[in-house]
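Please examine the structure shown below together with its sequence. The paragraphs that follow lead from one topic to the next and explain how the parts are arranged.

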Amino acid sequence: MQERPARGIIYFAIGGKYVREAIVSAHSVRKAMPDIPLAMFASDEDAAMIPQGLFDMRLPLDPLLGIKAQKIASLRRTPFDRTLYLDADTYMAAPVPELFEMLDNFDLAMTIASLGRLPNGWEGVPSSFPVYNSGVIAYRPS
């Protein structure tokens with residue numbers, strides 16, 4: 001049985017615009033953290049746009065799921081023990097090994113969205129509760 005890589009970065013993209021953004025983002029990661037494995041969840045037709053060797057793994061999408069459900073399914077299907085999920089439009093300007101190190105003590109790390117707030121009383125949740133940015137997520141399956 002093949003051992004799971006200890007850590008890596010995953011992307012999820014559907015459609016040419018988002019795949020192109022993920023390619024730019026992955027190039028920035030390769031410059032900042034050249035040894036980190038990269039995985040991309042994409043459809044077969046979108047995968048044809050991806051340069052050979054940029055991603056270490058190309059993983060299929062579930063054809064029965066919608067776009068939002070695909071993202072959640074991709075997070076659950078990570079091939080890594082410790083994962084950094086990046087939205088396609090992110091740019092890595094410097095290495096971020098501390099995000100993986102945080103997972104020594106926590107199962108999940110996200111930032112609070114700077115402008116996001118729930119409408120007061122939405123689903124019984126007070127507006128004081130933060131909204132998290134789901135474009136950068138460090139996590140370990142647990």
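In this predicted model, a search of the whole structure finds 1 aromatic pair. The partners are Y11 and F55, whose ring centres are 5.7 Å apart and whose planes stand at 85° to each other, an edge-to-face arrangement. An angle over 60 degrees is what earns that name. Y11 belongs to strand 1 (residues 7-12), while F55 lies in the loop between helix 2 (44-47) and strand 3 (57-59), so the pair ties together parts that are 44 residues apart in sequence. Both Y11 and F55 are buried.

Another ring, that of F100, has a charged partner: the charged end of R7 sits over it, 5.1 Å from the ring centre. R7 and F100 also share a neighbour, since each is touched by M33. Where is M33 found? It is placed in the loop between helix 1 (16-32) and strand 2 (38-41). With a relative accessibility of 8%, M33 counts as buried, because buried means under 20%. Leaving aside residues up to four places away in sequence, M33 touches M92, P95, V96 and P97 as well as R7 and F100. Y18 is 15 residues from M33 in sequence, and the C-alpha atoms of M33 and Y18 are 22 Å apart in space.

M92, one of the contacts of M33, leads to the interior. The largest nonpolar core has 27 residues, and I9, Y11 and M92 are those with the most contacts inside it. Strand 1, helix 1, strand 2 and strand 4 (82-86) each supply at least two residues of this core. Helix 1 gives the largest share, 6 residues. In soluble globular proteins, nonpolar side chains tend to be buried together. Around M92, the residues touched are I9, S28, V29, A32, M33, L84 and L86, again without residues up to four places away in sequence. Apart from the largest core lies another core, of 11 residues, which includes F12, A39, Y85 and I137.

Two of these residues, F12 and Y85, reappear at the largest pocket. Which residues lie nearest its centre? Of the 15 residues that line this pocket, they are F12, I67, K71, Y85 and D87. The space in the largest pocket is about 350 Å³. Helix 1 and helix 3 (67-76) are the elements that give two or more residues to its lining, and helix 3 provides the largest share, 5 residues.

Helix 3 also has a buried side. Its buried residues are Q70, K71, A73, S74 and L75, and what covers them includes strand 1, strand 2, strand 4 and strand 6 (130-139). An α-helix has 3.6 residues a turn, so residues three or four places apart point the same way. Is Q70, a residue of helix 3, buried or exposed? Q70 counts as buried, with a relative accessibility of 4%, because the limit for buried is under 20%. Its contacts, not counting residues up to four places away in sequence, are F12, I14, L61, D62, P63 and L65. Of these, F12 is 58 residues from Q70 along the chain, yet their C-alpha atoms are separated by 8.0 Å. F12 thus appears in three settings: in the core of 11 residues, in the lining of the largest pocket, and in contact with Q70.

Notes. Residues numbered from 1 in each chain as written. Predicted model: local features only at pLDDT ≥ 70, side-chain atom pairs only at ≥ 80, totals over all residues. Heavy atoms only, no water. Phe/Tyr/Trp six-rings, centres within 6.5 Å; stacked < 30°, edge-to-face > 60°. Helix = DSSP H or I, 4+ residues; strand = E, 2+ residues; numbered from the N terminus. Buried < 20%, exposed > 50% of the residue type's maximum accessible area, 1.4 Å probe, protein only. Lys NZ or Arg CZ within 6 Å of the ring centre and 35° of its normal. Contact = heavy atoms within 4.5 Å. Core = buried A, V, L, I, M, F, W, Y, C linked by side-chain atoms within 4.5 Å. 1 Å grid on protein atoms, 1.4 Å probe; cavity = no way out; pocket = protein on both sides within 12 Å on 5 of 7 lines; lining within 4 Å. Points joined across faces, edges and corners; volume = space filled by probe spheres on them.
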